[in-house]
Amino acid sequence: MSYGPVDLVVVKFPGSAFDGGIVPALRELTDRGTIRVIDILLMQKDGDGNVTTAEVSELEGDEFALFDPLTDDVPGLLSTEDAEQLAGALQPNESAALMLFENTWATRLVDSLRSANSELVLYEHIPRVVMEQLYAAQPETP
């Protein structure tokens, strides 16, 4: 079985409520086969700096109904230890979703690279802010 590259994405939210606002975009990407969500771990930092986590399978009601269909739910790939390492990015009373997803769009490319006996030498994400700076530094064309 071929796999595309896998990314870890951390999305921070103010407060402690996951309102599901990111779900439609994730669902669109999974429905189109652009990505496959492997695992989601939700993390909250309280006012005293204590960090708690919840797997999608531990959610209840509307939160479970929103996030469960998105994941393959491979528990344990994202752990409490991962959340604790990333908790420094959160202020007290903030929350975050840690998401591990496969770039399934790249699977066919990976297969063709193997078939062509070629080797991927570099694959790097360039943050949007860096691209915005590069574009802004370009001279304007008439």
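Colleague: Which helix is Leu 109 found in?
Modeller: Leu 109 belongs to helix H4, which covers residues 107-115; helices (H or I, at least four residues) and strands (E, at least two) are DSSP runs, numbered from the N terminus. This is a predicted model, in which local features need pLDDT of at least 70 and side-chain atom pairs count only at pLDDT 80 or more, while totals for chains, interfaces and linings use all residues. Residues are numbered from 1 along each chain as its sequence is written, and side-chain values use heavy atoms, with hydrogens and water left out.

Colleague: And is Leu 109 buried or exposed?
Modeller: Leu 109 is partly exposed, with a relative accessible area of 46%, where buried means under 20%, exposed over 50% and partly exposed in between (1.4 Å probe, protein chains only).

Colleague: Which residues make the nonpolar surface patch?
Modeller: Leu 109 joins Trp 105, Leu 120 and Tyr 123 in a nonpolar surface patch of about 430 Å². Patch residues have over 30% relative accessible area and no salt bridge, with like charges joined within 9 Å and nonpolar side chains (Val, Leu, Ile, Met, Phe, Trp, Tyr) within 5 Å; a salt bridge is a side-chain nitrogen of Lys or Arg within 4 Å of a carboxyl oxygen of Asp or Glu, and areas come from the Shrake-Rupley method with a 1.4 Å probe, only the protein chains shown counting as cover for residues.

Colleague: Switching to Val 23, what does Val 23 touch?
Modeller: Val 23, found in helix H1 (residues 23-31), is buried, with a relative accessible area of 2%. Leaving aside residues up to four places away in sequence, Val 23 touches Leu 66, Phe 67 and Leu 70, contact meaning heavy atoms within 4.5 Å. The C-alpha atoms of Val 23 and Phe 67 are separated by 7.1 Å, although these residues lie 44 residues apart along the chain.

Colleague: Now the sheet: in what order do the four strands come?
Modeller: The order is S1-S4-S2-S3 in an open sheet with antiparallel pairing, and two strands pair if DSSP finds at least two bridges between them. Strand S1 (6-14) and strand S3 (51-55) are at the edges with a single partner strand each, so one side of each has no neighbour in the sheet.

Colleague: How many bridges join S2 and S4?
Modeller: Strand S2 (residues 36-45) and strand S4 (residues 94-102) pair in the antiparallel sense over nine bridges, and Ile 40 stands opposite Met 99 in S4.

Colleague: What about the protein as a whole, how many helices and strands are there?
Modeller: The protein has five helices and four strands, running β-α-β-β-α-α-β-α-α from the N terminus on, and its C-alpha trace spans about 50 × 45 × 25 Å along its principal axes.
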